[in-house]
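Me: Please take a close look at one part of this predicted model, the sheet that carries the ligand-side helix packing, and set it in the context of the rest of the chain. A formal, connected account would be welcome.

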Amino acid sequence: MTQDSPDRGADRDARQLRQQSDEHVIKCMGDVDMGLVAGDGLKVTDADGKQYIDAISAEWVLNLGFRNPEIKQAINDQLDTIDYVSPVFESEARTELARKLAELAPGELSKVLYGLSGAGAVEGAMHLAMRATGGSDFVCLDAAFHGRTFATIGLTYVNPGMVEGANQGLDRYLPRQMRIPNYNCYRCPLGLERETCDLACAEAIEWELERGHLNGPAGVIVEPFQANGGMVPAPDGYLERAHEISRAHQVPLIVDEVQGALCRCGPMYAVQRTAVEPEMIILGKALGGGLPLSATITTPEYSALLPWEYGFTQAGNPTACAAGLAMIEVMLRDDLPANSEKMGNLLTDGLAEIEKDSKLIGDIRGQGLMVGVELVLDRETKEPAFAETDALMAACLEHGLMIGKTGPVFGSNGNVVKFKPAVNVSEDEIVEMTEIFGRALAEVEATL
Ligand SMILES: Cc1ncc(COP(=O)(O)O)c(C=O)c1O
């Protein structure tokens, strides 16, 4: 079904699509019984013909919304020239994107190792770090999420059910990693208060780098804003302290911006909210303008690989690189870092207004257009509102708003809803999102 024919046997189409999907597609990453068949800007249409406003940029991938005309044009132009170039050859689009990423990056970051997925890029960063340091053990955070491949699952820990499933039978493949207490000022795992804690969670990095490794430390990997771990921003000073400690131990600080980069948290790179110049930044999700592409950007010091130790036939696919480059050019031309900041503030202000009359909102956390709302049954005890979060998600969908859901506390599925709309979102669209969200929340709260 297309947007031009929204009522063509819509209901039958949706059921058929589901049936055939069940017969032939092995679904990964969970299961939502909904077919999406058309998208335009921030609007997406399901197989029943119902339209939604997309507040999560289609799994935080389409940072300029569905079918952005300039990205489409760049893809067409690339297809008119050359569609694929093996990674062993030079390619203009691949080189131009790498040059642009380097030009925009902080500090000495100038070398790009391409991958296909976020987890693939994390593995690339692990290879580079291990070659340069000679170590093999990484420090990672308790609620970190860095992917689901055999290597990255060892760095990932979020939903216990997810980890159980993902780890089952894989012991012989999982790398041993050094896991430290999370940063989370709303639910400090160390029971401390931010005013007096002296960033004890960051100090744990030091302990592990000194005593926690078996085969020598290879690096410290951290998300600047934990997404799957509950939409939790690193507290002020955390990344600075993590960098000081890792530098003192001569291992790289690897900042995983698979979700945070490309104006999601405001600036082009999330770490640019601080003055930290890490040794590596990992990019994925939005990097290919909707096509599969990821990258690790690093310094010359950390750029050596052994021949054939890492690589993918489609790494740095020129068509995906052309799409990514066009996306970045639009972001710069239209000053989307500023739009992300401004619209993010508008969104969090709107949510704060809703919070005033809300029983369930316990905390609102945001940087740019990376925004989480944690739901609790009691603001004192912070008991997570699992069933109510599920009900709120359903009510938002009912009213035509698509939002996301995650931890930091996981029952069946988590107690935090997330907003990560396209970074070219307009004021009117933010108002529409908050208005629907407020209405859906009021409906759920009326049943309490
Ligand atoms: C911070 C972070 N790193 C890595 C990944 C893995 O990316 P992918 O699913 O593309 O492998 C994700 C995915 O959600 C992520 O959020």
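**The seven-stranded sheet and its surroundings**

Reply: In this predicted model, Gly115 is placed opposite Ser294 of strand 12. That pairing belongs to an antiparallel arrangement in which 5 bridges link strand 4 with strand 12 (residues 294–298). The sheet concerned is open and built from 7 strands, ordered 4-12-11-10-7-5-6, with mixed pairing. Strand 4 (111–115) and strand 6 (178–180) each have a single partner strand and occupy the edges, so one side of each lacks a neighbour in the sheet. From one strand to the next, the twist averages 20°.

Two helices that pack on this sheet may be described in turn. Helix 5 (residues 118–133) touches strand 4, strand 5 (137–141), strand 7 (217–222), strand 10 (253–256), strand 11 (280–283) and strand 12. The direction of helix 5 makes about 30° with that of strand 12. Helix 7 (residues 200–212) also packs on the sheet, where it touches strand 5, strand 6 and strand 7. The direction of helix 7 makes about 160° with that of strand 6.

Helix 5 also has a part in the ligand site. The ligand is surrounded by 14 residues, of which the closest are Ser117, Gly118, Ala119, Gly147 and Val258. With 3 residues, helix 5 gives the most to this shell. By class, the shell around the ligand has 5 nonpolar, 7 polar and 2 charged residues.

The wider setting is given by the domain division. The chain is split into domain 1 (10–67 + 336–446) and domain 2 (69–333). The centres of the two domains, taken over C-alpha atoms, are separated by 25 Å. Across the boundary, 28 residues of domain 1 are in contact with 33 residues of domain 2. On the side of domain 1 that touches domain 2, two or more residues each come from helix 10 (336–356), strand 13 (361–367), strand 14 (370–375) and strand 17 (416–419). Helix 10 gives the most to that side, with 5 residues. The side of domain 1 that touches domain 2 comprises 12 nonpolar, 8 polar and 8 charged residues.

Strands 13, 14 and 17 also take part in a second sheet, an open one of 4 strands in the order 13-14-17-16 with antiparallel pairing. At the edges of this sheet are strand 13 and strand 16 (404–406), each of which pairs on one side only. Here the twist averages 25° from one strand to the next. Strand 14 and strand 17 are joined by 4 bridges in the antiparallel sense, and Val373 stands opposite Val417 in strand 17. Helix 11 (residues 386–398) lies across strand 14, strand 16 and strand 17, and runs at about 35° to strand 17.

One helix pair remains to be described. Helix 3 (residues 69–81) packs with helix 9 (residues 318–333) at an angle of about 145°, their axes being 8 Å apart. The crossing of helix 3 and helix 9 is right-handed. Helix 3 contributes Glu70, Ile71, Ala74, Ile75, Asp77, Gln78 and Leu79 to the contact, while helix 9 contributes Pro318, Thr319, Ala322, Ala323, Leu325, Ala326, Met327 and Val330. These residues of the contact between helix 3 and helix 9 divide into 11 nonpolar, 2 polar and 2 charged.

Key. Residues are numbered from 1 along each chain as its sequence is written. This is a predicted model: local features need pLDDT of at least 70, side-chain atom pairs count only at pLDDT 80 or more; totals for chains, interfaces and linings use all residues. Axes are lines fitted to C-alpha atoms, for helices over the stretch in contact, and angles run from 0 to 180 degrees between N-to-C directions. A crossing is left-handed if the near helix is turned anticlockwise from the far one by less than a right angle, and right-handed if clockwise. Two residues are in contact if their C-beta atoms, placed from the backbone, lie within 7 Å. Ala, Val, Leu, Ile, Met, Phe, Trp, Tyr, Cys and Pro count as nonpolar, Asp, Glu, Lys and Arg as charged, and the others, Gly among them, as polar. Domain bounds come from an automatic or database domain assignment. Two strands pair if DSSP finds at least two bridges between them. A residue is near a molecule or strand if its C-beta atom, placed from the backbone, lies within 6 Å of it.
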